[in-house]
Amino acid sequence: MTAAVRTVNCPTCRKPVVWTEKNAYRPFCSARCRQIDLGAWASEAYRVPTAPPDAALDESDFQPPGLGEGRGF
Ligand SMILES: [Zn+2]
């Protein structure tokens, strides 16, 4: 019994990746996942590199003072 296709899990997104000679990004599924992993190690913060959606919500909720008051015109 020979395994024709060998799969591994992408270290970044945990997706099954077919391990083939043609896959230059193995064990990652794509160049993006490889870049994310390299970047994580480079910054010594092995976490999810994307900002949490809460941060964006806080930023949109924040209204700088002076805007909309129309003073000075
Ligand atoms: Zn991946």
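Helices, of at least four residues, and strands, of at least two, are DSSP runs, numbered from the N terminus. The exercises below concern a predicted model.

**Exercise 1. Describe the overall architecture of the protein chain.**

*Solution.*
Step 1. Count the elements: the protein chain holds two helices and two strands.
Step 2. Establish their order: along the sequence the pattern reads β-β-α-α.
Step 3. Consider burial: the protein chain has 73 residues, of which 5% count as buried.
Step 4. Consider contacts: among those with a separation of 6 or more in the protein chain, 7% link residues 24 or more positions apart.

**Exercise 2. Determine how strands β1 and β2 are arranged.**

*Solution.*
Step 1. Locate the strands: β1 covers residues 6-9, and β2 covers residues 16-19.
Step 2. Examine the pairing: β1 and β2 run antiparallel and are joined by four bridges. One particular pair is Thr 7 with its bridge partner Val 18 in β2.
Step 3. Identify the motif: the two strands form a hairpin, with six residues between them.
Step 4. Inspect the turn: Arg 14 belongs to the loop between β1 and β2. Its phi is near 65°, a positive value in a residue other than glycine.
Step 5. Classify Arg 14: a residue is exposed if 12 or fewer other C-beta atoms lie within 10 Å of its own. Because Arg 14 has 10 such atoms within 10 Å, Arg 14 is exposed.

**Exercise 3. Characterise the surroundings of Pro 16.**

*Solution.*
Step 1. Place the residue: Pro 16 is part of strand β2.
Step 2. Find its contacts: when residues up to four places away in sequence are not counted, Pro 16 touches Thr 7 and Asn 9.
Step 3. Compare sequence and space: Pro 16 and Arg 6 are ten residues apart along the chain, and their C-alpha atoms are separated by 9.7 Å.
Step 4. Classify Pro 16: there are 10 other C-beta atoms within 10 Å, so Pro 16 is exposed.

**Exercise 4. Analyse the loop between β2 and α1 through Tyr 25 and Pro 27.**

*Solution.*
Step 1. Place both residues: Tyr 25 lies in the loop between β2 and α1, and Pro 27 is found in that loop as well.
Step 2. Examine the backbone: the peptide bond joining Arg 26 and Pro 27 is cis, with omega of about 5°.
Step 3. List contacts: leaving aside neighbours within four places in sequence, Tyr 25 is in contact with Ser 30, Ala 31 and Arg 34.
Step 4. Consider distance: Tyr 25 and Gln 35 are ten residues apart in sequence, and 9.7 Å lies between their C-alpha atoms.
Step 5. Classify Tyr 25: a residue is buried at 20 or more other C-beta atoms within 10 Å, exposed at 12 or fewer, and partly exposed in between. Tyr 25 has 14 such atoms within 10 Å and is therefore partly exposed.

**Exercise 5. Assess the span and the burial of helix α1.**

*Solution.*
Step 1. Define the helix: α1 comprises residues 31-42, which is twelve residues.
Step 2. Check its span: from first C-alpha to last, α1 reaches 16 Å, close to the 16 Å expected at 1.5 Å a residue.
Step 3. Judge its burial: the number of buried residues among the twelve of α1 is zero, so the helix lies largely in the open.

Note on methods:
Residues numbered from 1 in each chain as written. Predicted model: local features only at pLDDT ≥ 70, side-chain atom pairs only at ≥ 80, totals over all residues. Contact = placed C-beta atoms within 7 Å. Pairing = 2+ DSSP bridges. Expected span 1.5 Å × (residues − 1).
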